[in-house]
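The following account leads through a molecular model by way of its open and enclosed spaces. Please keep the sequence and the coordinates at hand while reading.

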Amino acid sequence: MLLEEIEFLTSQIEELEKEMEELVEETEEGEYIKSVPGIGPIMTAIILGEIGDINRFKSWKEIRKLAGLNLYEVSSGEHKGKTRITKRGRPLLRKIIYLMAQATLKHNREMREKYEKPRKREKNPLKAVQALIAIRLKMIRIVFKLAKSKIKYEPEKV
C-alpha cells in the first residue's frame, strides 16, 4: 500500500511540474529568467509567484527589500556591530534566491568567477557566506534586468 501511495504522489508531483512548466512558458518573463544557466522552470515559477508582476518594481533594490535581504548593523558611538541581513520580507523568496545562487554557481562559469574573485583577493577577502550573499544580490539584479528589459541571458554581459 505504501508503494502504491508513493507512486501516486510521485505521479501527482510530475503532473504539477508539467503544469508549472506550461504556465511559465505562457509568461513572457519566464522565458528570459529561464535563459540563465542553472535556473529551471520550477525555480522560475516560484520566483515569478513570489515577485508577481516585475513591472511594478522600479529597481532591483525593491525586490531585495521584498525578500528581506537588506543589510543592517547595530552600532553605537563606541561599538561597531556586525553587518547582518534584515530578514524582514518573504522567506520563500529569500530561500529561492539562495537556491538560485547555488545552482548558478554549479552551472555558470561566469558566476563562479564572480564568487571566487572576492574570496581570493589579498586585501579584505570575503568569507564563503559573504561571497554567496553577494552572488544572491547579483542574481536579483540579473533576473530583474532580464525580465524588465525582455532580453535573454548573455554570459559576456555578466
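Which elements each supply at least two residues of the lining of the largest pocket? In this predicted model, the elements that do so are strand 2, spanning 83-85, and helix 7, spanning 128-149. Of these, helix 7 provides the largest share of the lining, with 4 residues. The pocket itself holds about 500 Å³ of space. Its lining comprises Leu 71, Lys 82, Thr 83, Arg 84, Ile 85, Lys 87, Lys 127, Val 129, Gln 130, Ile 133 and Leu 137. In terms of residue class, this lining divides into 5 nonpolar, 2 polar and 4 charged residues.

The enclosed space may be considered next. The model contains 1 cavity of 30 Å³ or more, and the volume of the largest cavity is about 50 Å³. Around this cavity lie Ile 47, Ile 51, Ile 63, Leu 93, Ile 97, Met 100, Met 139, Ile 140 and Val 143. Two or more of the lining residues come from each of helix 3 (41-51), helix 5 (91-107) and helix 7. The lining of the largest cavity is made up of 9 nonpolar residues, with no polar and no charged ones. Helix 7 thus appears in both settings, giving at least two residues to the lining of the largest pocket and two or more to that of the largest cavity.

Helix 5 merits separate attention. It has 17 residues and extends 24 Å from its first C-alpha to its last, close to the 24 Å expected at 1.5 Å a residue. Its buried residues are Leu 93, Arg 94, Ile 96, Ile 97, Met 100, Ala 101, Ala 103, Thr 104 and Leu 105. Among them, Leu 93, Ile 97 and Met 100 also line the largest cavity. In an α-helix there are 3.6 residues a turn, so residues three or four places apart point the same way. The cover over the buried residues of helix 5 includes helix 3, helix 4 (60-67), helix 6 (109-120) and helix 7.

Helix 3, one of these covering elements, also contains Thr 44. Is Thr 44 buried or exposed? Thr 44 counts as buried because its relative accessibility is 0%, whereas the cut-off for a buried residue is under 20%. When neighbours within four places in sequence are left aside, the residues in contact with Thr 44 are Val 24, Gly 30, Ile 33, Lys 34 and Ile 39.

Note on methods: Residues are numbered from 1 along each chain as its sequence is written. This is a predicted model: local features need pLDDT of at least 70, side-chain atom pairs count only at pLDDT 80 or more; totals for chains, interfaces and linings use all residues. Side-chain values use heavy atoms; hydrogens and water are left out. On a 1 Å grid over the protein atoms alone, a cavity is a set of points where a 1.4 Å probe fits but cannot get out, and a pocket is an open set with protein on both sides within 12 Å along at least five of seven lines; lining residues have an atom within 4 Å of a point. Grid points are joined across faces, edges and corners, and a volume is the space filled by probe spheres set on the points. Ala, Val, Leu, Ile, Met, Phe, Trp, Tyr, Cys and Pro count as nonpolar, Asp, Glu, Lys and Arg as charged, and the others, Gly among them, as polar. Buried means under 20% relative accessible area, exposed over 50%, partly exposed in between (1.4 Å probe, protein chains only). Contact means heavy atoms within 4.5 Å. The expected span of a helix is 1.5 Å times one less than its number of residues.
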